[in-house]
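Work through the exercises below with the sequence and the model side by side, and try each task before reading its solution.

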Amino acid sequence: RDYYASRGLGDVYKRQVYAYAEQLVSDGQKEAAAIEFYSLGGYEDAMARGNALEYELAMSEKAQDIHSALDRFEALGDYGDAAAQADECRYEIARAAMNAGELQDALDAFEALGDVQDAPEQAQRCRYLLAQREVSAGEYDEAIALYEACGAYLDAEDGAMQARYAKAAALFDAQEYEAAAKAFAELGSYEDAKQRVTDSEDAWLSADYNSCLLYTSPSPRDA
């Protein structure tokens, strides 16, 4: 290339490269052709030809390798509907993650998509499923936060109450009676929460009483 440029034959060289790129297209070597067109910079319509080929390659890759297709669409910037196609790829990647049980990754991806398609609803679904998972794992605070973030989605409000109840019950089982009493009290009239408050307070007082007896009982040496 420098040889041609040094002799003022730059246009000759570019015409040859352009013709070579067209031959590559004819031979079905679109990727190689795009590289050649891009190498020509602003020569004639070389950039447009390169972009068109990259777009075709991206579209053909969507079904086989959606991550590679996304990379191509992102590289195309504002060419045609490349940005919209990129969002579609991101959406499908998020759905695949959700279906694979990778709920946090899916949630992050759907949130990043904003209002693309039904991404907000899918994000709510991820939060809901994550909340259920956190309850099963005994991570009640995380579950409550996720259910609350779901708002009126499905039975998320009741799910949050169930998680609060489960948290209070876990505190009771761990003999943290004072904390359990407060947690059950916050549930108001939900299920048997009021009775559980009484049970927790009785257990708390009994534990304190037994603790005092143990502390004040004389040792055999003192008897």
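Helices here are DSSP runs of at least four residues, numbered from the N terminus. The model is a predicted one.

**Exercise 1. Compare the expected span of helix α10 with the distance between its end C-alpha atoms, and find what follows the helix.**

Step 1. Helix α10 covers residues 156-173, which makes 18 residues.
Step 2. The expected span is 1.5 Å times one less than the number of residues, so α10 should span 26 Å.
Step 3. The end C-alpha atoms of α10 are 25 Å apart, which agrees with that expectation.
Step 4. Just after α10 comes Q175, which takes a positive phi of about 65°.

**Exercise 2. Identify which residues of α10 are buried.**

Step 1. A residue counts as buried when its relative accessible area is under 20%.
Step 2. In α10 this holds for A156, G159, A160, A163, Y165, A168, A169 and L171.

**Exercise 3. Describe the largest nonpolar core, and say which elements contribute to it.**

Step 1. The core has 25 residues, and those touching the most other members are M98, A106, F110, L113, C126, Y128 and Y147.
Step 2. Two or more residues come from each of α6 (82-99), α7 (103-112), α8 (119-136), α9 (140-150) and α10.
Step 3. Among these helices, α8 gives the most, with six residues.
Step 4. Leaving aside residues up to four places away in sequence, L113 touches D87, R90, Y91 and A119.
Step 5. A second core, separate from this one, has 12 residues, including Y13, V17, F37 and A46.

**Exercise 4. Examine the salt bridges of R90 with D87 and of K167 with D141, and decide how each pair is placed along the chain.**

Step 1. The side chains of R90 and D87 form a salt bridge at 2.7 Å, N to O.
Step 2. Because R90 and D87 lie three residues apart in helix α6, about one helical turn separates them.
Step 3. R90 is partly exposed at 29% relative accessible area, and D87 is likewise partly exposed, at 25%.
Step 4. The side chains of K167 and D141 also form a salt bridge, at 2.7 Å, N to O.
Step 5. This pair links distant parts of the chain, since K167 is in helix α10 and D141 in helix α9, 26 residues apart.
Step 6. K167 is partly exposed at 29% relative accessibility, while D141 is partly exposed at 47%.

**Exercise 5. How many salt bridges does the structure hold, and which residues are linked in a network?**

Step 1. The structure holds 12 salt bridges.
Step 2. E31, E54, E61 and R72 are linked in a network of such bridges.

Methods
Residues are numbered from 1 along each chain as its sequence is written. This is a predicted model: local features need pLDDT of at least 70, side-chain atom pairs count only at pLDDT 80 or more; totals for chains, interfaces and linings use all residues. Side-chain values use heavy atoms; hydrogens and water are left out. Buried means under 20% relative accessible area, exposed over 50%, partly exposed in between (1.4 Å probe, protein chains only). A nonpolar core is a set of buried Ala, Val, Leu, Ile, Met, Phe, Trp, Tyr and Cys residues joined through side-chain atoms within 4.5 Å. Contact means heavy atoms within 4.5 Å. A salt bridge is a side-chain nitrogen of Lys or Arg within 4 Å of a carboxyl oxygen of Asp or Glu.
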